[in-house]
Amino acid sequence: MNRKIGFIGLGYAGFPMAHVFSQQYAIVGFDHASTRIAELNAGKDHTCSVSTDDIQAMLQRGTILTDDPAQLRQCNFYIITVPTPVDDNHRPDFACLASASRTVGSVLKKGDIVVYESTVYPGATEEICVPILEETSGLKFNDDFAVGYSPERINPGDDAHTAATIVKVVSASTPEALDIVRETYESVVGKGNTHPVSSIKVAEACKVLENTQRDVNIALMNEAATVFQAMGINTNEVVDAMNTKWNALGFRPGLVGGHCISVDPYYLIDKAAALGISTPLMEDARRINNSMSEFIARSTVDHIARRNSNTGNSARVLILGITYKENMPDIRNTKVKDIYDHLVSENLDVAVLDPVADPQLVKNTYDINIITTPTTIENDKFDAILHCVAHNQFQHFNYHHHLTDKGFVYDIKGNISAQYQQQIINI
């Protein structure tokens, strides 16, 4: 089969995979955001996932990056990688997925295959997406077109587990389609580097469970951290000791934000509720992890008061990092923002330093003015410095220079040099 691949959604997950496929196939990359398309066609990627040289190479190979859905008509194999967030009530939001399905349905032809990579609850592809494809295209599912599901496993900033090397779980609605989906993915990730499963539901469940199990394990570490901090015990030192045992899992306490671990469990929780099944462990994990920002903020306020009774408007705090992940500009659902809000509500003077984040995007999204270079605060002193995000640029940050006499560092990431141990509190 002569496959021409259409990608719908060119964000953190879609564009790196489109780049990998472009080395083997003629592809059309579609995104409804014209600004994103203009950026990519200019050889720039604000997500820092694909370099300028690689983007230029894609374009030279004939890759089409467009906001015109009509360009997708020339494709016969579609990969949908659009966001699946939750709403303010933590309910699944399928608006982007439904829109992408309508876009593909409008160009779908007999014999085409549509593969979804967006995170959903088990059953959502066939319950929500397929009816939209049928209605929009006028074609019949499994007679005229087939559907597959291969959960995205892109880990931005991870050079070891890249889009070209990760194992891809694959599934499809017919055995014939599964063979095509498997062969297509193996042509770019390597033969044998796929894991076929028996149904689309199994693949969907795999994805949502991957991040739910991480959420639950981190919640355990966070809950333990609240106990250990009250006892004056460094939780990360405990974890280091625990990890010397062969069956330790290596999870650590910390903030759980972003677009995966802090979102995906809600899809499974919501589906379970629809089935009349309670999920107290998953729900408690979400509650615990969501509460860590307030816990850290309150600990900061308490330690400032305990050390020098310097509270209120005279107390100054510096937050290092506002992105949800180190060395990446992604600020989606960052829990650092919640720390900032809690500290401001306690009338503290809070500054945020992040050399990686886009200051205008942070301002537009969270109404926070950030500092991007340490020289801006070269002579400033703070009562507390919160090490929230482990950007490489912070490795040589001079904490001593920026601390008041009784100031301290709150080492949320657990990786600050031992030379500052007398001035550190740990999560």
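Author: This predicted model holds zero disulfides.

Reader: How do you know that Cys48 is in no disulfide?

Author: The nearest cysteine sulfur to Cys48, that of Cys260, is 17 Å away. A disulfide requires two cysteine sulfur atoms within 2.5 Å, so Cys48 is in no disulfide.

Reader: What is the closest cysteine sulfur to that of Cys75, and why is there no bond?

Author: The closest cysteine sulfur is in Cys129, at 18 Å from the sulfur of Cys75, and that is too far for a bond.

Reader: Are Cys48 and Cys75 buried or exposed, and how do you know?

Author: Cys48 has a relative accessible area of 54%. Exposed means over 50%, so Cys48 is called exposed. For Cys75 the relative accessible area is 1%. Buried means under 20%, and therefore Cys75 is called buried.

Reader: What makes Phe7 and Phe21 an aromatic pair, and why is the pair called edge-to-face?

Author: A search of the whole structure finds seven aromatic pairs. In the pair of Phe7 and Phe21, the rings are 5.4 Å apart, centre to centre, with 65 degrees between the planes. Ring centres must lie within 6.5 Å, and planes over 60 degrees apart count as edge-to-face. Both conditions are met, so the pair of Phe7 and Phe21 is edge-to-face. Phe7 belongs to strand 1 (residues 5-8) and Phe21 to helix 1 (residues 14-22); with their positions 14 residues apart, the pair links distant parts of the chain. Both Phe7 and Phe21 are buried.

Reader: Why is the pair of Phe21 and Tyr185 called edge-to-face?

Author: The ring centres of Phe21 and Tyr185 are 5.6 Å apart and the planes stand at 85 degrees, so this pair is edge-to-face. The pair joins helix 1, which holds Phe21, to helix 6 (residues 175-189), which holds Tyr185, and the two residues are 164 residues apart. Tyr185 is buried, as is Phe21. Ring pairs link Phe7, Phe21, Tyr25 and Tyr185 into a cluster.

Reader: What makes the charged end of Arg36 count as sitting over the ring of Phe15?

Author: The charged end of Arg36 is 5.6 Å from the centre of the ring of Phe15. The limit for that distance is 6 Å, and the charge must also be within 35 degrees of the ring normal. Likewise, the charged end of Lys245 sits over the ring of Trp246, at 5.3 Å from its centre.

Reader: Where is His391 found, and how do you know whether His391 is buried or exposed?

Author: His391 lies in the loop between strand 11 (382-387) and helix 13 (399-402). Its relative accessibility is 1%, and buried means under 20%, so His391 counts as buried.

Reader: Which side chains make a polar contact with the side chain of His391?

Author: The side chain of Thr323 makes one such contact, at 3.4 Å, and that of Asp354 makes another, at 3.1 Å. A polar contact needs N or O atoms within 3.5 Å. Beyond its neighbours within four places in sequence, His391 is in contact with residues including Gly321, Lys325, Met328 and Pro355.

Reader: Which residues of the largest nonpolar core touch the most other members?

Author: That core has 39 residues, and those touching the most other members are Ile8, Tyr78, Ile80, Val114, Tyr116 and Val147. Elements giving two or more residues to this core include strand 4 (77-80), strand 5 (113-116) and helix 7 (200-230). Apart from this core lies another, of 32 residues, among them Phe7, Ile37, Phe77 and Ile79.

Methods: Residues are numbered from 1 along each chain as its sequence is written. This is a predicted model: local features need pLDDT of at least 70, side-chain atom pairs count only at pLDDT 80 or more; totals for chains, interfaces and linings use all residues. Side-chain values use heavy atoms; hydrogens and water are left out. Rings of Phe, Tyr and Trp (its six-membered ring) pair if their centres lie within 6.5 Å; planes under 30 degrees apart count as stacked, over 60 as edge-to-face and the rest as tilted. Helices (H or I, at least four residues) and strands (E, at least two) are DSSP runs, numbered from the N terminus. Buried means under 20% relative accessible area, exposed over 50%, partly exposed in between (1.4 Å probe, protein chains only). A polar contact is a pair of N or O atoms within 3.5 Å; within protein, one must be able to donate a hydrogen and the other to accept it, and residues adjacent in sequence count only if both atoms are side-chain atoms. Contact means heavy atoms within 4.5 Å. A nonpolar core is a set of buried Ala, Val, Leu, Ile, Met, Phe, Trp, Tyr and Cys residues joined through side-chain atoms within 4.5 Å.
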